[in-house]
Amino acid sequence: MNHDKLPKLNEILGPGPRYCNGCRTPIEHWGMCEPCAAASELETFELTMRPARNSVPKRFRWASFMVRSGDEWTPNKDLASRVHPVSLRRVSELSSPFPVGVALVGPTGAGKTSLACALLRRIHDWARPERPAAAVDRARSSYFVEVPAYEDACKRLSRWSGPIDRDAEALVSRAENASLIVLDNVEPAPLDSPIGKLLMGRHNRDLPTIITTWMTEADAAKSYGSGLARRAFASTVELLPALKVVSGAA
């Protein structure tokens with residue numbers, strides 16, 4: 001609310017009583033009381049963050065390093081129970097801004113996707129209306145992208161059959177232009193494949209990409225070439241197998 005305009009509004013609207021547009025409590029000016037104005041601003045802000053938050057699959061939206069308990073933040077016990085403690089420590093120590101390429105490497109069940117989502121959640125949760133605008137804009141365009149969904153979208157766009165597939169077009173554009181993406185479950189593929197072109201294009205533009213994969217840098221070099229592999233694995237975290245197998249811990 002622009003409080004500089006309140007005297008003029010009060011003059012136009014005449015004497016009170018005036019009530020908050022939110023909670024209807026008596027106030028001395030037109031509009032909302034301070035608590036309601038702050039809540040409205042936060043609600044509007046959260047709407048702008050929703051596309052980024054909702055890009056994370058529902059089955060992984062629980063994944064975060066910390067959870068709120070009342071007014072305090074405590075370590076997420078669910079995440080700690082699904083991954084090796086050394087892996088959790090290594091990934092949680094990664095600091096933003098990330099390098100162009102971050103690779104979380106490990107076997108099935110090591111918690112690669114869970115930890116990648118926790119990294120993304122940390123970026124999303126950091127964003128607040130009072131934060132610097134440029135940093136918040138980067139958080140708003142930080143997305144989770146599943147490799148099979150991206151490949152399917154590319155195939156649909158490559159087949160001309162009438163009207164443009166807007167959903168596929170939006171997914172491809174998001175993956176190519178996001179300030180940061182988590183690219184989940186990267187496997188061997190030719191350099192000219194959709195994923196190879198995506199990685200190359202993002203890295204050429206210095207757009208950070210976090211990948212989850214079982215491949216080592218040497219494995220990736222055989223398919224994508226040593227240059228791209230070196231950039232994709234610029235910061236590599238090798239995850240240890242989880243101490244116990246938990247259903248859904250990808």
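Does Thr44 count as buried, partly exposed or exposed, and what is its relative accessibility? In this predicted model, Thr44 has a relative accessibility of 47% and therefore counts as partly exposed, since that class lies between the limits of 20% for buried and 50% for exposed. The residue is found in helix H2, which spans residues 34-54. Thr44 and Pro129 are separated by 85 residues in sequence, yet their C-alpha atoms are 9.4 Å apart in space.

The wider setting is a protein chain with 11 helices and 9 strands. Of its 250 residues, 40% are buried. Among contacts between residues at least 6 apart in sequence, 69% join residues at least 24 apart.

An open sheet of 5 strands can be followed in the order E6-E7-E8-E5-E9, and its pairing is parallel. Strand E6 (142-146) and strand E9 (235-238) stand at the edges; each has a single partner strand, so one side of each is left without a neighbour in the sheet. From one strand to the next, the twist averages 15°.

At one edge, E6 runs parallel to E7, and 5 bridges join the two strands. Within this pairing, Val145 has Leu183 in E7 as its bridge partner. Although E6 stands at an edge, the strand is mostly covered, with 4 of its 5 residues buried.

Strand E5 (residues 101-105) runs parallel to strand E8 (residues 209-213), to which 5 bridges join it. Two of the partners in E8 may be named: Ile210 for Val102 and Thr213 for Val105. E5 also pairs with E9 in the parallel sense, over 4 bridges. There, Val105 stands opposite Glu238 of E9. Val105 thus has a partner in E8 and another in E9.

How many of the 5 residues of E5 are buried? The count is 5 of 5, and the strand is described as mostly covered. Gly101, Ala103 and Val105 point one way from E5, while Val102 and Leu104 point the other way; all are buried.

Helices complete this part of the picture. Helix H7 (residues 147-158) packs on the sheet, where it touches E6 and strand E7 (180-184), and its direction makes about 80° with that of E6. H7 also meets helix H9 (residues 194-204): their axes come within 9 Å and cross at roughly 100°. The two helices are therefore roughly perpendicular to each other, because angles of 65 to 115 degrees fall in that class. H7 contributes Val147, Tyr150, Glu151 and Cys154 to the contact, and H9 contributes Pro194, Ile195 and Leu198. By class, this contact of H7 with H9 has 6 nonpolar residues, no polar residues and 1 charged residue.

A second helix pair is formed by helix H4 (residues 85-92) and helix H5 (residues 112-126), which pack at an angle of about 35° with their axes 10 Å apart. The crossing of H4 past H5 is right-handed. On the H4 side, the contact is made by Ser87, Leu88, Val91 and Ser92, and on the H5 side by Leu115, Leu119 and Arg122. The classes represented in the contact of H4 with H5 are 4 nonpolar, 2 polar and 1 charged.

Note on methods: Residues are numbered from 1 along each chain as its sequence is written. This is a predicted model: local features need pLDDT of at least 70, side-chain atom pairs count only at pLDDT 80 or more; totals for chains, interfaces and linings use all residues. Side-chain values use heavy atoms; hydrogens and water are left out. Axes are lines fitted to C-alpha atoms, for helices over the stretch in contact, and angles run from 0 to 180 degrees between N-to-C directions. A crossing is left-handed if the near helix is turned anticlockwise from the far one by less than a right angle, and right-handed if clockwise. Contact means heavy atoms within 4.5 Å. Ala, Val, Leu, Ile, Met, Phe, Trp, Tyr, Cys and Pro count as nonpolar, Asp, Glu, Lys and Arg as charged, and the others, Gly among them, as polar. Buried means under 20% relative accessible area, exposed over 50%, partly exposed in between (1.4 Å probe, protein chains only). Two strands pair if DSSP finds at least two bridges between them. Angles under 35 degrees count as roughly parallel, over 145 as roughly antiparallel, 65 to 115 as roughly perpendicular and the rest as oblique.
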